[in-house]
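The following exercises are to be worked with the sequence and the structure at hand. Each task is followed by a solution in steps.

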Amino acid sequence: MSILNEDVLHILSNELLQWEGRGVDSSLLNLSTASRLFRQACLPVIFSDVRWPHKSKVDAENGLLFFPVSLRPYIRHLHLTWHDEWTEPGRLRHGYFDRDGMYTPFSLDIVSSALATMPKLTEITLSFPFIPPQSLFEAIGQCPSLTSFSLLDTPIDMGLLSVFPVCLSRVNLAPVGQCLRIGDGPTDPKVSDITYYMRDWRRKYRAQTQIRGLREQRSCAIFLRQQASCLTHLDISGDLCSFAALATVHWPQLRTLVLYGHIPGTQPTYTYPVALPPAALIWDALERMPVLNDLRLLFSRTRGKDFILLPRDEHPDRVRLEKLASLTSFAISNACRLDGILGYLPSLQRLAVLAMVDLPRWPIALSQADAERVITDIATSGCPLRHLRIIIEDKLSPRICRLIATLLPSLEVLEIERCGYHDGKSISTCVIPLAESIIQQEYVNALSPLLSLRSLRLCMQFPEYDEVDDLESWKIVRGECARLFGNRLTTLCQVGFEYRKRTGTHRYQDAWLDFTILRSSSGGRDDPRAIASEGSVCIQDCALRQVPEMWYAFPEVWTPTRLPF
């Protein structure tokens, strides 16, 4: 054991983390118990991303226990997520109700003091059913290595300003109870449960929305003004900001702006006189961001009017066109009107057109005609598009694939998702009924002009199989189709197909079955690179390795990560 290179052990630990996670039964945890050398190599990986508090780590004398001092130097991302059930009147734990009936924790000094012993801490995420104490924000502000700060599903007040003077490069601010659905894909199980919305503290918060709403917007505005000079990435809900507030600040280094939730300025009106922010457009804010190149407008669809970014019937202003021309990444939801904007993005390299709505509703995605119009509009801009992700409502047809391959030949990543996927009869341009393999071949032929394609996800139809059958026929047929795509599209490195996943007795959601394509030079089965491990599928000139289930951790839209639940 002593002759093993530490770098090799570190690579092995990260590989196990990527494929199996940090679960109690994971191979990474088992490997750490093999020897002292393995333990030293695995601990920095296991404890790089941790959560607190833990229900089982409680001391009768001291209350909640924190991580031992010996493990704190390994922590890079700390999630402070309080358990909702501790705030319920009949299950009250580690806190009390103040005179207003709001839950308040006994003390978080154990966390505040521990932050000073985490020299590698770069990210911190807070999710509390109470207003975090100012002492905690002050301790966070004294972490010199901290670069990323997230405040999710947490009441906000002026104590947030105490995070200064730490210089943050990434901030994410989300209001209490905001739950968004993208397509019909994976959602956090806690927001799929009705008890999430019925918690006592959330009901009390909603009853004070009008008072807290103004306070939270004001606190967020001042906080962002403090951090604006060093921010490079900002994720913020429209409930916590306004275009006017963003436009009053100069953002010299901001490269990524993500606006999600409700459109700023569409919050409920107040029943008493308030000082409304001055009228402003999103363009007023974008003009204050000179280096912005990634814009994501991930608004949820409501019964109100669509958000119009650039009207088609108006001659665009030169300044606005210059801002659009500087964008290399653009994501937009179905709450925004697409007419008149996609043709003015000549530098665009990544595009995502998504369907979004507030839970528990289901969104309505683009029709086939709308999808064709989007593809045509983006092609007229002449942009070198390399990454396209789009959600559609209708069944996928080879016609759409052929249109994409013809008009966007530089694509390297293509993902076409159907909102509310169902197996069934595939759509083919052939008149006579054909075998399923021939129909799959038609999709391959339609995509063959994409000579640089590396990653592909399709929502093409497959025969109807029961997802929980013993033979896993639904998985076998997709593996065979992946084999066909891997053989014909020689540049392809990863391929995935959509399926309908059972998540409960009567619950389903869309999911992806992904494969990594491992190619061999000789194409023979004896070639070491063509021999698949357990779970792989051997084929003529490559092997397929099934990838762990992935999802897009909101508000990320470009790079999927391992599903954490």
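**Exercise 1.** In this predicted model, identify the buried residues of α8 and the elements that cover them.

*Solution.* Step 1: the buried residues of α8 are R212, G213, E216, Q217, S219, C220, F223, L224 and Q227. Step 2: the elements covering these residues include β8 (148-151), β9 (170-173), α7 (200-207), β11 (233-237) and α9 (243-247). Step 3: the spacing of such positions may be read against helix geometry. An α-helix has 3.6 residues a turn, so residues three or four places apart point the same way.

**Exercise 2.** Determine what span is expected for helix α8 and compare it with the distance between its end C-alpha atoms.

*Solution.* Step 1: helix α8 covers residues 209-227, which is 19 residues. Step 2: at 1.5 Å a residue, the expected span is 27 Å. Step 3: the end C-alpha atoms of α8 lie 26 Å apart, in agreement with the expected value.

**Exercise 3.** Establish which strands pair with β4, and in what sense.

*Solution.* Step 1: β4 pairs with strand β1 (residues 49-52) in the parallel sense, over four bridges. Within β4, H79 is the bridge partner of R51. Step 2: β4 also runs parallel to strand β7 (residues 123-127), to which five bridges join it. Here L78 stands opposite I124 of β7. Step 3: four of the five residues of β4 (residues 77-81) are buried, so the strand is largely enclosed by the rest of the structure.

**Exercise 4.** For the salt bridge between R202 and D84, decide whether each residue is buried or exposed, taking under 20% relative accessibility as buried.

*Solution.* Step 1: the N to O distance between the two side chains is 2.7 Å. Step 2: R202 belongs to helix α7 and D84 to the loop between β4 and β5 (95-97), so that the pair links distant parts of the chain, 118 residues apart. Step 3: R202 has 2% relative accessibility and therefore counts as buried. D84, at 15%, likewise counts as buried.

**Exercise 5.** State what parts of the chain are tied together by the salt bridge of R386 with E412.

*Solution.* Step 1: the closest N and O atoms of R386 and E412 are 3.7 Å apart. Step 2: R386 lies in the loop between α12 (368-380) and β19 (387-392), and E412 in the loop between α13 (398-407) and β20 (413-418), so the pair ties together parts 26 residues apart in sequence. Step 3: R386, at 33% relative accessibility, counts as partly exposed, and so does E412 at 23%.

Note on methods. Residues numbered from 1 in each chain as written. Predicted model: local features only at pLDDT ≥ 70, side-chain atom pairs only at ≥ 80, totals over all residues. Heavy atoms only, no water. Helix = DSSP H or I, 4+ residues; strand = E, 2+ residues; numbered from the N terminus. Expected span 1.5 Å × (residues − 1). Buried < 20%, exposed > 50% of the residue type's maximum accessible area, 1.4 Å probe, protein only. Contact = heavy atoms within 4.5 Å. Pairing = 2+ DSSP bridges. Salt bridge = Lys/Arg side-chain N within 4 Å of Asp/Glu carboxyl O.
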